[in-house]
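Got your viewer ready? Let's take a walk through this model, one selection at a time.

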Amino acid sequence: MADSELISTPFTAASTAAEVLRGLDLTGVRAIVTGSSSGIGIETARALTAAGAEVTLAVRNTAAGEAVAESIRDSTGGIRPRVAPLDLADTATVTRFAEAWRGPLHLLVNNAGVVTGGLERTRAGWEVQFATNHLGHFALAAGLHGALALGASDRAGSRIVAVSSTAHMRSGVDFDDLHFEHRGYDPQIAYAQSKTANSLFAVEATRRWAADGIVANAVNPGGVSTGLQRNFTPEQRQSLDAAEAAGVFTYKTVEQGAATSIVAAVWPPFGHSGGHYLDDAQEAYPVPNDADLAQHPHGVKEWALDPGLARRLWAVSADLLSV
């Protein structure tokens with residue numbers, strides 16, 4: 001894909017979610033934001049609610065979610081999001097959440113994410129970062145497909161936003177050892193694999209579901225200090241500091257970090273075209289898989305957009321989840 005074909009917007013790394021939504025009326029839009037009890041998820045939900053959307057906070061900790069809902073109501077003039085329990089590492093709760101949903105869904109923001117400092121596994125034996133960041137969101141989207149299709153029919157399209165990361169540039173998906181059963185565990189590589197998977201999901205979801213009016217795009221929110229870093233080991237913190245020093249990223253506020261998710265959620269071209277990866281509110285330029293991260297901090301590696309890999313990941317994920 002040539003740079004001239006990339007989708008551009010008038011927004012920048014300094015833009016905020018509220019600035020992207022300025023002048024837009026989202027009344028009638030029903031949205032779900034996962035991981036919306038902290039960090040970027042709160043601001044994404046707040047901005048959507050302020051623009052008139054009916055937002056559901058899908059969270060593990062419902063008490064924290066209720067507190068956020070109150071805060072959003074106070075800051076938006078009385079609009080209060082709904083709160084619903086969702087643990088992406090527990091497929092049973094994902095199934096319950098999807099089965100409990102009623103009516104159309106117009107926007108699904110797969111924002112939640114986890115970083116571990118060491119190897120952790122779910123009850124199914126899956127590596128936690130891949131299970132939470134990718135498989136849980138995959139199962140959620142699949143379970144809500146009917147609602148998204150219904151939403152697309154009454155608003156000329158529905159959207160999925162998959163929150164990825166610059167970390168995707170560290171690793172593709174290792175189909176021979178998804179859950180680190182044979183190779184040594186590196187939490188940064190595990191996280192990177194899950195973030196590449198988020199992007200590949202957007203590619204294949206769009207291919208499969210565009211005929212239903214559903215498109216999916218992946219976004220990199222940029223460097224934002226949130227609860228995601230709470231489990232970092234000293235080595236992970238040193239790596240993050242080194243990346244910042246090398247110019248790989250500059251810290252943003254949560255309002256700026258949420259902006260790229262909002263661009264994917266509302267900017268018109270992304271309502272009809274999916275499988276893209278956005279960075280700093282623009283569609284990112286593709287780079288070879290051997291490209292250096294420090295030299296291309298705003299690019300997207302080919303392994304994160306490869307249609308063949310996206311189809312393979314979808315098949316593997318569907319088999320693991322029996323969906």
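Start by selecting alanine 13. With a relative accessible area of 31%, alanine 13 counts as partly exposed, because that value falls between the 20% and 50% cut-offs. You'll find alanine 13 in the segment before α1, the helix at 17–21. Keep in mind as you go that this is a predicted model.

Now show what surrounds alanine 13. Setting aside neighbours within four places in sequence, its contacts are Lys252, Gln256 and Asp280. Want a sense of scale? Draw a C-alpha to C-alpha distance from alanine 13 to valine 215: they are 202 residues apart in sequence and 24 Å apart in space.

Next, zoom out to the whole chain. How many helices and strands does the chain have? There are 11 helices and 10 strands. The C-alpha trace spans about 50 × 40 × 40 Å along its principal axes. The radius of gyration is 18 Å, which agrees with the value near 20 Å for a compact globule of 323 residues. Colour by burial and you'll see that buried residues make up 56% of the 323. Switch on the surface: about 13,000 Å² is exposed, and carbon and sulfur atoms supply 50% of it.

While you're zoomed out, colour the charges. The chain has 24 positive and 34 negative side chains, and the centres of these two sets lie 6 Å apart. Contacts are worth a look too: of those with a separation of 6 or more, 74% are between residues 24 or more positions apart.

Time to go inside. In soluble globular proteins, nonpolar side chains tend to be buried together. Here, the largest nonpolar core has 48 residues, and those with the most contacts inside it are Ile32, Phe97, Leu105, Leu108, Leu144, Ile160 and Phe201. Several elements give two or more residues to this core, including α4 (91–100), α5, α6 (145–155), β5 (158–163) and α7 (187–209). Apart from this core lies another one, of 39 residues, with Ala31, Leu48, Val68 and Val219 among them.

Select leucine 108 for a close-up of the 48-residue core. Beyond its neighbours within four places in sequence, leucine 108 is in contact with Ile32, Leu140, Ala141, Leu144, Leu148, Arg159, Ile160 and Val161.

From there, move to threonine 132 in helix α5, residues 128–143. Is threonine 132 buried or exposed? Its relative accessible area is 10%, so threonine 132 is buried, the cut-off being under 20%. Leaving out residues up to four places away in sequence, threonine 132 touches Leu88, Ala89, Val114 and His137.

Now back up to the loop between β4 (107–110) and α5, and pick arginine 121. Arginine 121 is partly exposed, with a relative accessible area of 35%. Not counting residues up to four places away in sequence, arginine 121 touches Trp126, Glu127, Val128, His179, Phe180 and Glu181. For another distance, try aspartate 306: arginine 121 and aspartate 306 are 185 residues apart in sequence and 28 Å apart in space, C-alpha to C-alpha.

One of those contacts of arginine 121 is Phe180, so click on it next. Phenylalanine 180 sits in the loop between β5 and α7, and it is buried, with a relative accessible area of 4%. Check the backbone here as well. Most residues other than glycine have a negative phi. Phenylalanine 180 has a positive phi, near 55 degrees.

There's another positive phi to visit: alanine 281, with a value near 70 degrees. Look for alanine 281 in the loop between β7 (277–279) and β8 (282–283). Alanine 281 counts as buried, at 1% relative accessibility.

Move on to proline 286, in strand β9 (residues 285–287). Proline 286 is partly exposed, with a relative accessible area of 31%. Now add leucine 6: proline 286 and leucine 6 are 280 residues apart in sequence, but 9.7 Å apart in space, C-alpha to C-alpha.

For the last stop, select helix α10, residues 259–266. Why is α10 described as largely enclosed by the rest of the structure? Because eight of its eight residues are buried. Show them as sticks to see Ala259, Thr260, Ser261, Ile262, Val263, Ala264, Ala265 and Val266.

Note on methods:
Residues numbered from 1 in each chain as written. Predicted model: local features only at pLDDT ≥ 70, side-chain atom pairs only at ≥ 80, totals over all residues. Heavy atoms only, no water. Helix = DSSP H or I, 4+ residues; strand = E, 2+ residues; numbered from the N terminus. Buried < 20%, exposed > 50% of the residue type's maximum accessible area, 1.4 Å probe, protein only. Contact = heavy atoms within 4.5 Å. Core = buried A, V, L, I, M, F, W, Y, C linked by side-chain atoms within 4.5 Å. Rg over C-alpha atoms; globule rule 2.2 N^0.38 Å. Areas by Shrake-Rupley, 256 points an atom, 1.4 Å probe, with all protein chains shown as cover. Lys, Arg positive; Asp, Glu negative; His and termini not counted. Charge placed at Lys NZ, Arg CZ, Asp CG, Glu CD.
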